[in-house]
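Welcome! Please take a look at the model below, and then we can walk through one of its strands and an enclosed space.

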Amino acid sequence: MISTKKQLRAQIRADRDKFVAHARPGIIVPQEFLDRLSRGLTVASYVPMGSEADPAPLARASVDAGCEIVLPHVTSRAVPLRFLAWDTEVALVAGPFGLQQPADTADERKPDIILTPLVAFDAALNRLGQGAGYYDRAFLAFPDAWRVGIAWSIQQVEALPADPWDVPLHAIATEQDWITP
């Protein structure tokens, strides 16, 4: 039994690395997601790091529906992440923690949908992130945004320890399923 979030993160990351090394998975784009999209919505996506699940299929579907894509921008642990407009013709810049993000001169946007990376999740749609709380703070800053976790099915665990500041997701997309409460 894994007892701490730190231990769980280490185990799930190792499992995720093995899974991606042996498979060429792709995240599904369910009809329920497509039904939420409409011209003019702002969808926050992200550039995956390492073996994180890639939200590109959902981001492409969003663009096809006329949505604007924004990406997270991080400066330091003390400053909340911002969602900045992404011009696909402009190169991303290196950010802290190995992130690729828009330059800090890009326009800030309020997301209607947030596609979020995660380390682990459970059937109650609790999310275990990297541990810095960036997305939990973003979820509180944008309470009306629809929160969609992007993960591989092997990242699902029976139950996650939830702290009072943890914000559950509305849905999770994996290579196999679309999971809702």
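Strand S9 (residues 146–150) is mostly covered, with 5 of its 5 residues buried; buried means under 20% relative accessible area, exposed over 50% and partly exposed in between, with a 1.4 Å probe and protein chains only. Strands are DSSP runs (E, at least two residues), numbered from the N terminus. This is a predicted model, where local features need pLDDT of at least 70 and side-chain atom pairs count only at pLDDT 80 or more, while totals for chains, interfaces and linings use all residues. Residues are numbered from 1 along each chain as its sequence is written, and side-chain values use heavy atoms, leaving out hydrogens and water.

In a regular strand the side chains alternate between the two faces of the sheet. From S9, Trp146, Val148 and Ile150 point one way, Arg147 and Gly149 point the other way, and all are buried.

Here are the pairings of S9; two strands pair if DSSP finds at least two bridges between them.

| Partner strand | Bridges to S9 | Sense | Residues opposite each other |
|---|---|---|---|
| S6 (residues 113–117) | 5 bridges | parallel | Leu115 and Val148 |
| S10 (residues 171–173) | 3 bridges | parallel | Ile172 and Gly149 |

Now for the enclosed space. The structure holds 1 cavity of 30 Å³ or more, and the largest has a volume of about 70 Å³. A cavity is a set of points on a 1 Å grid over the protein atoms alone where a 1.4 Å probe fits but cannot get out, and lining residues have an atom within 4 Å of a point. Grid points are joined across faces, edges and corners, and the volume is the space filled by probe spheres set on them. Among the lining residues are Lys5, Asn126, Arg127, Asp136 and Pro161.

Conventions: On a 1 Å grid over the protein atoms alone, a cavity is a set of points where a 1.4 Å probe fits but cannot get out, and a pocket is an open set with protein on both sides within 12 Å along at least five of seven lines; lining residues have an atom within 4 Å of a point. Helices (H or I, at least four residues) and strands (E, at least two) are DSSP runs, numbered from the N terminus.
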